[in-house]
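Me: I'd like to go through this one by asking what earns each label. Can we start with the core?

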Amino acid sequence: MPLRTEIVSPEKRYTDREVDMVVVPGTEGDIAAMPGRAPLMLQLRGGVVTLYQDGKVLERCFVGGGFVDMTADHCTILADSVRALEDLSIDDARQTLNELKSQWTSVGPDEVELRESLSRQIQIVRAEIEVAQKVQQHDLKAL
């Protein structure tokens with residue numbers, strides 16, 4: 001029994017296909033969705049989503065947070081952003097990280113919501129840099 005998998009972001013539908021297994025970057029750690037699993041909904045951290053077919057990696061992409069809804073026959077990933085690994089840029093991510101750090105220093109201690117938002121964005125960009133470096137080094141097994 002295949003697992004229908006959709007990955008969507010506000011900008012586009014990235015993929016919609018049937019696979020054997022999907023591994024997603026949950027905030028508490030990576031978790032797999034497979035046919036027949038108990039329903040689960042969880043929050044995503046920035047990281048790599050990996051789709052498997054016949055025990056082999058079929059596709060990988062980077063998600064910048066979001067949510068995943070898993071059922072016995074369906075996995076829907078609602079990503080804040082989604083990009084192919086080859087589209088990640090270390091230089092662009094580092095520039096974004098520097099801009100976020102600059103914003104962080106100008107936020108007052110009483111601006112809790114803004115601090116939390118910036119902290120989350122910084123974590124996602126750091127994950128993006130880490131993944132982009134591994135892709136650049138052709139170290140895809142480390143993903």
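Reply: Sure, definition up front: a nonpolar core is a set of buried Ala, Val, Leu, Ile, Met, Phe, Trp, Tyr and Cys residues joined through side-chain atoms within 4.5 Å, where buried means under 20% relative accessible area (exposed is over 50%, partly exposed in between; 1.4 Å probe, protein chains only). This is a predicted model, so local features need pLDDT of at least 70 and side-chain atom pairs count only at pLDDT 80 or more, while totals for chains, interfaces and linings use all residues. Residues are numbered from 1 along each chain as its sequence is written, and side-chain values use heavy atoms, with hydrogens and water left out.

Me: Which residues of the largest nonpolar core touch the most other members?

Reply: V22, V24, V49, V68, C75 and I77, out of 18 residues. Strands β1, β3, β5, β6 and β7 each supply at least two residues of this core; strands here are DSSP E runs of at least two residues, numbered from the N terminus. Apart from it lies another core of nine residues, including F62 and L85.

Me: Why is E6 called buried?

Reply: Its relative accessible area is 16%, and the cut-off is under 20%, so E6 counts as buried. E6 is in strand β1.

Me: What makes the E6 and H74 side chains a polar contact?

Reply: The distance is 2.7 Å, and the rule asks for N or O atoms within 3.5 Å, one able to donate a hydrogen and the other to accept it (residues adjacent in sequence count only if both atoms are side-chain atoms).

Me: How do you know that the charged end of R115 sits over the ring of W104?

Reply: It lies 4.5 Å from the ring centre; the rule wants NZ of Lys or CZ of Arg within 6 Å of that centre and within 35 degrees of the ring normal.

Methods:
Helix = DSSP H or I, 4+ residues; strand = E, 2+ residues; numbered from the N terminus.
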